[in-house]
Structures are given as structure tokens and as C-alpha cells.
Amino acid sequence: MSARRIDGKAFAEGLRARIANEVAALKAAHGVVPGLAAVLVGDDPASQVYVRNKTSQTREAGMASFEHRLPASTSEAALIALVGQLGHDPAVDGILVQLPLPGHIDSTKVIAAIDPAKDVDGLSTVNVGRLWSGLDALVPCTPLGCIMLLKDALKDAGAGALVGREAVVIGRSALVGKPIAALLLAEHCTVTIAHSRTRDLPAVARRADILIAAVGKPEMVRGDWIKPGATVIDVGINRLPKPDGKSRLVGDVAFAEAVEVAGAITPVPGGVGPMTVACLLHNTLTACRRRRGLVAGA
Ligand SMILES: NC(=O)c1ccc[n+]([C@@H]2O[C@H](COP(=O)([O-])OP(=O)(O)OC[C@H]3O[C@@H](n4cnc5c(N)ncnc54)[C@H](OP(=O)(O)O)[C@@H]3O)[C@@H](O)[C@H]2O)c1
């Protein structure tokens with residue numbers, strides 16, 4: 001058996017196109033253009049690429065993009081002041097502070113300064129609390145993308161496709177593992193969160209109808225950890241050196257083994273990765289509507 005590949009690139013393209021249509025309709029009906037402010041501190045090359053991608057995809061979706069590039073020497077107080085100003089700016093619906101921040105800045109203080117109604121990364125304690133309380137929340141983008149892919153992969157099983165399924169999430173970070181677990185719980189899965197201290201992880205993983213790997217360890221999840229027919233979502237992005245001096249991306253799942261056992265699986269690259277920015281746009285549109293009391297489709 002060879003598992004069905006879950007094409008995150010195609011799904012993300014479709015999602016971005018739907019968002020662009022909704023942005024155009026919002027502008028036509030209400031004269032409203034959703035705006036996303038991206039704040040980048042310092043010159044970390046990977047962060048520069050992420051922010052450039054986010055900015056260009058925001059513009060392609062017809063939204064306004066405001067970029068704030070600050071030197072690495074920026075003080076914590078100055079960054080918090082900027083985030084506060086953006087909170088009061090009516091043209092800004094979403095605020096994204098690119099992480100990681102330079103070592104002298106406490107990211108928890110900066111995140112706490114973001115207006116929760118504009119917290120499109122879903123990292124503020126208000127949004128985390130609302131998510132776990134089952135209330136409307138802005139949800140972290142990568143976890144949201146995982147759930148969208150999962151629902152789409154299982155859609156043939158009907159509306160309640162996730163209900164009652166055994167889900168195992170490997171990884172308990174605030175950014176990925178915990179919010180994915182909360183979203184799976186909200187879909188009525190029976191959820192186990194595994195981590196570095198979990199005993200007999202392969203046996204725990206083998207229970208899963210839905211297995212989410214969010215660890216950051218290349219190809220850690222082997223084929224014999226997977227229940228036959230399971231749906232596997234690989235969040236990991238790991239860069240491995242190649243003999244020619246270049247590098248290749250692999251996930252947290254040993255894809256060649258897993259694809260022989262799973263029912264459906266996300267590849268790396270081309271699985272979860274492209275969903276993150278598409279979900280950032282989704283969250284910005286959601287924040288824009290909620291702040292103005294507009295319902296979806298209006
Ligand atoms: N757009 C995207 O696709 C996207 C976005 C974000 C992250 N990622 C990728 O997703 C992966 C995870 O990211 P993250 O931010 O959640 O990483 P993280 O903060 O480093 O968390 C990793 C988690 O994995 C657990 N872990 C580490 N070694 C383990 C082991 N041997 N067995 C079981 N669990 C283990 C850790 O457990 P403890 O808590 O016990 O230490 C921790 O909870 C990374 O590869 C990252 O690059 C991708």
C-alpha cells in the first residue's frame with residue numbers, strides 16, 4: 001500500500017485564492033482593506049525570507065502590508081512601544097512580530113503587548129486561553145493549517161470524520177504541539193500529547209489514527225511507529241547536509257517508510273509548510289471582520 005500524499009502546496013494556493021476573493025468582496029461592500037503589520041528586529045537571514053514571503057503574499061491577496069524593520073540593537077521598550085502604536089492604528093488588523101527576537105528582548109513581554117484582537121499569530125495568553133476554553137480565538141497559523149489539511153484529507157468520511165479518533169501529537173511547544181492538541185480536542189478527537197519524556201513513544205504513536213509529528217528531529221518517526229492506514233501530518237522542517245555541500249529538507253517522519261504504512265501523509269517540503277502563511281492571511285481577514293463586527297461572506 002502507498003499512502004495518499006496530502007498536497008499542502010495546492011491546498012494553500014486554493015485557500016489564498018479564496019481569501020483574495022473575500023478581500024475583494026469586503027472592499028466592494030464596505031470599503032474595508034484588511035491590513036497586516038509585520039515587525040522584524042535584526043537581520044536573521046531566515047526571518048528576512050519569512051517576512052518577505054509574508055509581505056508579498058499579503059499584497060497578492062489584496063491586503064495592505066506594513067513592514068517595520070528595526071535594527072538588532074532596538075530596545076525592548078522601543079519594540080513594545082511600536083507594538084502598542086500598531087494596536088491603536090485603525091488601518092492595522094493584524095500584528096505579527098517575527099520570532100526569534102534578539103536575546104536582550106523578552107518575547108513574552110512583547111507578545112503580551114499585542115492587542116489580542118490583532119494577535120494573528122495567536123500567541124497571546126488571551127488567545128491561548130480562549131482556544132483552550134472553546135471560545136472564538138485567533139489560532140496559531142501552523143496548527144490551524146494542520147487541522148485544515150486533516151479535515152480535507154478525511155472529508156470522504158463525512159462531516160464528523162475526526163470525531164472519536166485517537167490522535168497523538170508528538171511535541172508540546174506553545175507554537176505548534178499544544179495548539180494542535182487543543183484544536184483536535186475541539187474536533188472531539190481523543191488526544192495524547194507526547195514529548196521527550198514520554199515512555200515507549202513508538203507504542204504510543206502506534207495507537208494513533210491521526211499522528212502529528214512536531215518535534216524538530218529529522219526522520220525520527222519510523223514506519224513501524226505508524227498504525228496501518230493512519231493519517232500522518234509531519235510539521236517538522238529539518239535541513240540535512242548533502243554530499244555536494246548543499247542541503248535537503250526532511251520532516252520528522254521517515255517518509256519513505258511511512259508512506260508504505262499510512263493511509264495519507266503530508267510530504268516535506270510541500271505539506272504543512274505552505275499552509276502557515278496562507279493561515280496568517282486567513283487570520284488577518286478574520287481579525288479584520290471581528291474588529292468591525294462583520295460576519296464571513298458579508
Ligand atoms: N511552517 C511550518 O511548517 C512550521 C512552523 C513551526 C515549526 N515547524 C517545525 O516543527 C518542528 C517543531 O517545532 P517547535 O517549534 O514545536 O519545536 P520545539 O519548540 O523545539 O518543540 C519540540 C518538541 O518536541 C519534543 N521532543 C524533542 N525531542 C523529542 C524526542 N526525542 N521524543 C519526543 N519528543 C521530543 C520536545 O519535548 P520537550 O517539551 O519534552 O522538550 C518539544 O515539546 C520543527 O522542525 C520546526 O522547524 C514548522
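In strand β3, R69 turns up as the bridge partner of L40. That pair is part of a longer match-up in this predicted model: strand β2, covering residues 35-41, is joined to β3 by 7 bridges, and the two strands run parallel. Zooming out, β2 and β3 belong to an open sheet of 3 strands, laid out in the order β3-β2-β4 with parallel pairing. The edges of this sheet are β3 and β4 (94-97), each of which pairs on one side only. Going from one strand to the next, the twist averages 15 degrees. A helix comes into the picture here too: α3, made of residues 76-88, packs on the sheet and touches β2, β3 and β4. The direction of α3 makes about 175 degrees with that of β2.

Back on the edge strand β3, which spans residues 64-70, sits S65. Is S65 buried or exposed? Its relative accessible area comes out at 14%, and since buried means under 20%, S65 counts as buried. As for its company, leaving aside residues up to four places away in sequence, S65 touches L36, T55, T58 and R59. One of these, L36, falls within the stretch 35-41 that makes up β2.

Next come the cysteines. How many disulfides does the structure hold? The count is 0. C141, for one, is in no disulfide, and the nearest cysteine sulfur, which belongs to C279, is 6.4 Å away. A disulfide would need the two sulfur atoms within 2.5 Å, so C141 and C279 do not make the cut. C141 is also tucked out of reach of the probe for the most part: with a relative accessible area of 4%, it is buried. C189 tells a similar story, being in no disulfide either, with the sulfur of C146 as the nearest one at 13 Å. At 6% relative accessibility, C189 counts as buried as well.

Further along the chain, the pairing switches to the antiparallel sense: strand β9 (residues 238-241) and strand β10 (residues 247-250) are held together over 4 bridges. Among the partners here are P241 and, in β10, S247. The two strands form a hairpin with 5 residues between them. Which residue of this hairpin takes a positive phi? That is G245, with a value near 90 degrees.

Terms used
Residues are numbered from 1 along each chain as its sequence is written. This is a predicted model: local features need pLDDT of at least 70, side-chain atom pairs count only at pLDDT 80 or more; totals for chains, interfaces and linings use all residues. Side-chain values use heavy atoms; hydrogens and water are left out. Buried means under 20% relative accessible area, exposed over 50%, partly exposed in between (1.4 Å probe, protein chains only). Contact means heavy atoms within 4.5 Å. Two strands pair if DSSP finds at least two bridges between them. Axes are lines fitted to C-alpha atoms, for helices over the stretch in contact, and angles run from 0 to 180 degrees between N-to-C directions.
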